[in-house]
Amino acid sequence: MSTKQPTEKELLKTVLEPLLEDFQYWFERSRSLLESEQMSFLSAQQQAQLLERINQSQQEVQTAQMLFKATGGTAGIDSKMLLPWHQLVAECWNVAQKYRESKN
């Protein structure tokens, strides 16, 4: 029995599309938190810089999503672009965790 290998387009749709949606979700949650709360463990400048990086990354992800849709799901993303987004999401998770701990 032979297993059909997915096409590149199918892989992109299955992997890349939800990944970009996840980036948008976590950046939006983080942006909302940083805009509504002052992090006691961050200076105002650090918080503003983090928010600025999130906004920039959100715009980059949005552009990637538009290109993906405009090409019918055939445009990929260079992994060099994905790594900084992953790192920023991890940083956002750490900030959210510290914030929750500081509230307790």
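This section describes the helices, the aromatic contacts and the enclosed spaces of a predicted model.

Helix α1 covers residues 8-36, and its 29 residues reach 41 Å from the first C-alpha to the last, close to the 42 Å expected at 1.5 Å a residue. The buried residues of this helix are Leu12, Leu16, Glu17, Leu20, Phe23, Gln24, Phe27, Ser30, Arg31 and Leu34, and what covers them includes α2 and α3. Ahead of helix α1 runs a segment in which Lys4 lies. With a relative accessible area of 63%, Lys4 is exposed, and its C-alpha atom is separated by 54 Å from that of Ala44, although the two are 40 residues apart along the chain.

Helix α2, made up of residues 44-70, has 27 residues and spans 39 Å between its first and last C-alpha atoms, which is close to the 39 Å expected at 1.5 Å a residue. Its buried residues are Gln47, Leu50, Leu51, Ile54, Ser57, Gln58, Val61, Ala64, Gln65 and Phe68, and the elements that cover them include α1 and α3. Just after helix α2, Gly72 adopts a positive phi of about 65°.

Gln58 offers a view of how one side of helix α2 is covered, as this residue is found in that helix and is in contact with Gln24, Phe27, Glu28 and Arg31 once its neighbours within four places in sequence are left aside. Gln58 counts as buried because its relative accessibility of 12% falls under the 20% limit. Among the residues that Gln58 contacts, Gln24, Phe27 and Arg31 are themselves listed with the buried residues of α1.

The structure holds 4 aromatic pairs. One of them joins Phe23 and Phe27, whose rings are stacked, with 6.1 Å from centre to centre and 15° between the planes. Both residues belong to helix α1 and stand 4 residues apart, about one turn of the helix. In general, an α-helix has 3.6 residues a turn, so residues three or four places apart point the same way. Phe23 is buried, with a relative accessible area of 3%, and Phe27 is likewise counted as buried at 0% relative accessibility. A further pair is formed by Phe23 and Trp85, and it is edge-to-face because the planes of the rings stand at 70°, which is over the 60 degrees required, while the centres lie 5.5 Å apart. This pair links distant parts of the chain, since Phe23 sits in helix α1 and Trp85 in helix α3 (residues 79-103), 62 residues apart. Trp85 also counts as buried, at 2% relative accessibility. Taken together, Phe23, Phe27 and Trp85 form one aromatic cluster.

Helices α1 and α3 also meet at an open space, as these are the elements that give two or more residues to the lining of the largest pocket. This pocket holds about 230 Å³ of space and is lined by Trp26, Arg29, Ser30, Leu33, Leu34, Cys92, Trp93, Val95, Ala96, Tyr99 and Arg100. Helix α3 supplies the largest share of this lining, with 6 residues. Sorted by class, the lining of the largest pocket has 8 nonpolar, 1 polar and 2 charged residues. Ser30 and Leu34, which belong to this lining, also appear among the buried residues of α1.

An enclosed space is found as well, the count being 1 cavity of 30 Å³ or more. The largest cavity has a volume of about 40 Å³, and its lining consists of Glu17, Leu20, Glu21, Gln65, Phe68 and Lys69. Helices α1 and α2 each supply at least two residues of this lining. By class, the lining of the largest cavity has 2 nonpolar, 1 polar and 3 charged residues. Several of the lining residues recur in the lists of buried positions, including Glu17 and Leu20 in α1 and Gln65 and Phe68 in α2.

Methods: Residues numbered from 1 in each chain as written. Predicted model: local features only at pLDDT ≥ 70, side-chain atom pairs only at ≥ 80, totals over all residues. Heavy atoms only, no water. Phe/Tyr/Trp six-rings, centres within 6.5 Å; stacked < 30°, edge-to-face > 60°. Buried < 20%, exposed > 50% of the residue type's maximum accessible area, 1.4 Å probe, protein only. 1 Å grid on protein atoms, 1.4 Å probe; cavity = no way out; pocket = protein on both sides within 12 Å on 5 of 7 lines; lining within 4 Å. Points joined across faces, edges and corners; volume = space filled by probe spheres on them. Nonpolar A, V, L, I, M, F, W, Y, C, P; charged D, E, K, R; others polar. Expected span 1.5 Å × (residues − 1). Contact = heavy atoms within 4.5 Å.
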